[in-house]
Structures are given as C-alpha cells and as structure tokens.
Amino acid sequence: MKIRITAIRKASYPDLMAKYENPIEHTCDVLEGQEWISIDGHCPEGMCTSAWGSMREFVEALARGEGNFYDGWMKNPMSAMISCNDGFRPVSFYIEVI
C-alpha cells in the first residue's frame, strides 16, 4: 500500500534555541509542502531519519490497512498528523493512504 507523507508546517522556537541549544551549522532541510511516498510501510528515500522515527509506527499501521487511531482522532480515519521530535524546529507531517 502507498502512504503519502506531506510536510504541512515547520515551526521554529528561537527563544528555546538561544536558551538551550548549542550552535549548530546544519539544521532541518524539510520544506513545507514537501512530499514522500512510503511503499508498504518502508521509509521513503530522502526522509529525515529522526522524523521517520516519530511517524514509522503510524505509517506501518496504515500500510497494513489499519487506521482510525485513537477512536476518531482524524476526520480521515486512514490518516494521521504527526510531528517530528525536534523541540526547537518541529515539522508537522500529514500521513495518508493513497
């Protein structure tokens, strides 16, 4: 089964970065609107490994035909909205069966 993963929103918290994060040269490359296709629940090429770790279980479940997470959480029961685990610049991803 094919699952589309779309980067919907990318947030940034400069105040938290200034207070807690060591300066880093390279940060997230994900762009809003960027899409990936997962085939049979596998990590798509080019997907951030950290983001994949946050969404993998949902993608795999959708690929198996499961859905309706948390008893009606999403309007589309064969979808999920998942954010990566970067507390400084989180990206929200919409995951849906296509």
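**Exercise 1. Two loop residues**

Task: Is Tyr70 buried or exposed in this predicted model, and what is the sign of its phi angle?

Solution.
- Step 1: Start with the surface. Tyr70 has a relative accessibility of 62%. The cut-off for exposed is over 50%, so Tyr70 counts as exposed.
- Step 2: Find its place in the chain. Tyr70 sits in the loop between helix 2 (49–63) and strand 3.
- Step 3: Look at the backbone. The phi of Tyr70 is near 55°, which is a positive value, and the residue is not a glycine. Most residues other than glycine have a negative phi.
- Step 4: Now try Asp71. Its phi is also positive, about 55°, although Asp71 is not a glycine. Asp71 lies in the loop between helix 2 and strand 3, and with a relative accessible area of 76% it is exposed.

**Exercise 2. Reading the fold**

Task: How many helices and strands does the protein chain have, and in what pattern do they follow one another along the sequence?

Solution.
- Step 1: Count the elements. There are two helices and four strands.
- Step 2: Put them in sequence order. The pattern is β-α-β-α-β-β.
- Step 3: Add the dimensions. Along the principal axes, the C-alpha atoms fill a box of roughly 45 × 30 × 20 Å.
- Step 4: Consider contacts between residues at least 6 apart in sequence. Of these, 61% join residues at least 24 apart.

**Exercise 3. Pairing the strands**

Task: Which strands are joined to strand 1 by bridges, and which strand is joined to strand 3?

Solution.
- Step 1: Begin with strand 1 (residues 2–10). Seven bridges join it to strand 4, and the two run antiparallel. You can check this on single residues: Ala7 has Phe93 as its bridge partner in strand 4, and Thr6 stands opposite Tyr94.
- Step 2: Strand 1 has another partner. Five bridges join strand 1 to strand 2 (residues 35–39), again in an antiparallel arrangement. Here Ile3 has Ser38 as its bridge partner.
- Step 3: Move to strand 3 (residues 79–83). Five bridges connect it to strand 4, and these two run antiparallel. Ser79, for example, stands opposite Glu96.

**Exercise 4. Strand 4 and the surface**

Task: Why can strand 4 be called largely enclosed by the rest of the structure?

Solution.
- Step 1: Recall that buried means under 20% relative accessible area.
- Step 2: Apply this to strand 4 (residues 91–97). Five of its seven residues are buried, so the strand is largely enclosed.
- Step 3: Turn to the whole chain. Buried residues make up 34% of its 98 residues.
- Step 4: Finish with the outside. The accessible surface comes to about 6300 Å², and 51% of it belongs to carbon and sulfur atoms.

**Exercise 5. The cysteines**

Task: How many disulfides does a search of the whole structure find, and why is Cys48 not bonded to its closest cysteine?

Solution.
- Step 1: The search finds zero disulfides.
- Step 2: Check Cys43. It is in no disulfide, and the nearest cysteine sulfur, that of Cys48, is 9.0 Å away.
- Step 3: Check Cys48. The closest cysteine sulfur to its own belongs to Cys28, at 6.1 Å, which is too far for a bond. A disulfide needs the two sulfur atoms within 2.5 Å.
- Step 4: Compare with the surface classes. Cys43 is partly exposed at 38% relative accessibility, and Cys48 is partly exposed at 32%.

Definitions and conventions. Residues numbered from 1 in each chain as written. Predicted model: local features only at pLDDT ≥ 70, side-chain atom pairs only at ≥ 80, totals over all residues. Heavy atoms only, no water. Buried < 20%, exposed > 50% of the residue type's maximum accessible area, 1.4 Å probe, protein only. Contact = heavy atoms within 4.5 Å. Areas by Shrake-Rupley, 256 points an atom, 1.4 Å probe, with all protein chains shown as cover. Pairing = 2+ DSSP bridges.
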